[in-house]
Amino acid sequence: MTGIGPVEPGEDTRVRDAPPPRPRGRLALRYERHRRTVLASGAALVVLAGGGYLYASRPQPRPAPPPPYPSQAVDLVYGAAASGSPGAVAGTYSFTVLLSVRSGPPVTVTRLTQPYDGLSVTSSPTAPFQTKSHSTRKIIVTLRVTECEKAPRNPGLPFLDVTLRNARAIEAHSFILGARYAQDLSQALEVACSNHSR
């Protein structure tokens, strides 16, 4: 042979490609047999892990602000003396107050009292009662003189103690009902205790 160039096979000869190298070991043999399944499972795990990461790191919505405290959502306003109510008893003074819930969840009045030892308090409706948000409830409060000696002579700024409850808290709050209430209460106490010596 002379000449330049690659060696060409002669007649009746073929070039054999070298066989691919055989994997060695049990694990390598298993991988070779199940390569497609392994690759598909690996890809699925990568996609699942990426999706989980994206889900866990997504921006969270801000939590809703807590509802207001019940005393911040309620107004209690003196209405008027409830004169001539049926079944009125001597030594009692009935008047109306309006309870308004401005916002937030419903508010329950669990207790209604006053600070004077010589007076007792009842209300209609009887506590506990609930008032819905954005509504007003009319309450008739009746004060009964139990001891004229302990009743105030001339209350300057009388108030009602009201225990309020909503979804956020329970609060005891004192409501000053104003000058008109003080005047009406003084007159009622004077009439109720006029027969008693002080």
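These are my notebook entries on one chain, a predicted model.

**Overall layout**

I began with the secondary structure and counted four helices and eight strands in the chain. Along the sequence the order is α-α-α-β-β-β-β-β-β-β-β-α.

I then looked up the overall dimensions. The radius of gyration of the chain is 44 Å, whereas a compact globule of 198 residues would have one near 16 Å. Along the principal axes, the C-alpha atoms fill a box of roughly 150 × 35 × 25 Å.

Next came burial and surface. Of the 198 residues, 25% are buried. I noted an accessible surface of about 14,400 Å² for the chain, with 55% of that surface belonging to carbon and sulfur atoms.

For contacts, I took those with a separation of 6 or more; residues 24 or more positions apart account for 66% of them. For charges, I have 23 positive and 13 negative ones in the chain, and their mean positions lie 5 Å apart.

**The disulfide**

How many disulfides does a search of the whole structure find? I found one. The partners are Cys 148 and Cys 193, and their sulfur atoms are 2.0 Å apart. Which parts of the chain does the pair tie together? Cys 148 sits in the loop between S6 and strand S7 (159-165), and Cys 193 sits in the segment after helix H4 (179-192), so the link joins parts that are 45 residues apart in sequence.

I also checked the handedness. The link of Cys 148 and Cys 193 is left-handed, with -90° about the S-S bond. Are the two cysteines buried or exposed? Both Cys 148 and Cys 193 are buried.

**Backbone between S4 and S6**

I went through the peptide bonds and wrote down two cis cases. One is the bond from Ser 124 to Pro 125, with omega near 5°. The other joins Ala 127 and Pro 128, where omega is about 5°. Pro 125 is placed in the loop between strand S4 (119-124) and strand S5 (129-131), and Pro 128 is found in the loop between S4 and S5 as well.

After S5 I stopped at His 134. This residue is not a glycine, yet its phi is positive, near 60°. His 134 belongs to the loop between S5 and strand S6 (135-145). I list His 134 as exposed because its relative accessibility is 65%, and the cut-off for exposed is over 50%.

**Val 107**

Val 107 is in strand S3. Is this residue buried or exposed? Val 107 counts as buried, because its relative accessibility is 0%.

I listed its contacts, leaving out residues up to four places away in sequence. Val 107 touches Pro 70, Val 74 and Val 101, then Phe 129, Gln 130 and Thr 131, and also Leu 164, Arg 165 and Asn 166. Of these partners, I note that Phe 129, Gln 130 and Thr 131 fall within the range of strand S5 (129-131). I also took one distance: Val 107 and Ser 133 are 26 residues apart in sequence, and their C-alpha atoms are 7.5 Å apart.

**Asp 117**

Asp 117 lies in the loop between strand S3 (107-113) and S4. At 62% relative accessibility, Asp 117 counts as exposed. Which residues does Asp 117 touch, not counting those up to four places away in sequence? I found Thr 146 and Lys 150. From C-alpha to C-alpha, Asp 117 and Ile 140 are 20 Å apart, with their positions 23 residues apart in sequence.

**Residues in the helices**

In helix H4 I looked up Ser 186. Ser 186 counts as buried because its relative accessibility is 12%, and the cut-off for buried is under 20%. Leaving aside neighbours within four places in sequence, I find Ser 186 in contact with Asn 154 and Pro 155.

In helix H2 (residues 35-56) I looked up Ala 44. With a relative accessible area of 45%, Ala 44 is partly exposed. My last distance runs from Ala 44 to Arg 168: the two are 124 residues apart along the chain, and their C-alpha atoms are separated by 46 Å.

Notes. Residues are numbered from 1 along each chain as its sequence is written. This is a predicted model: local features need pLDDT of at least 70, side-chain atom pairs count only at pLDDT 80 or more; totals for chains, interfaces and linings use all residues. Side-chain values use heavy atoms; hydrogens and water are left out. Helices (H or I, at least four residues) and strands (E, at least two) are DSSP runs, numbered from the N terminus. The radius of gyration is taken over C-alpha atoms; the globule rule is 2.2 Å times the number of residues to the power 0.38. Buried means under 20% relative accessible area, exposed over 50%, partly exposed in between (1.4 Å probe, protein chains only). Contact means heavy atoms within 4.5 Å. Accessible areas come from the Shrake-Rupley method with a 1.4 Å probe; for residues, only the protein chains shown count as cover. Lys and Arg count as positive and Asp and Glu as negative; His and the chain ends are not counted. The place of a charge is taken as NZ of Lys, CZ of Arg, CG of Asp or CD of Glu. A disulfide is a pair of cysteine sulfur atoms within 2.5 Å.
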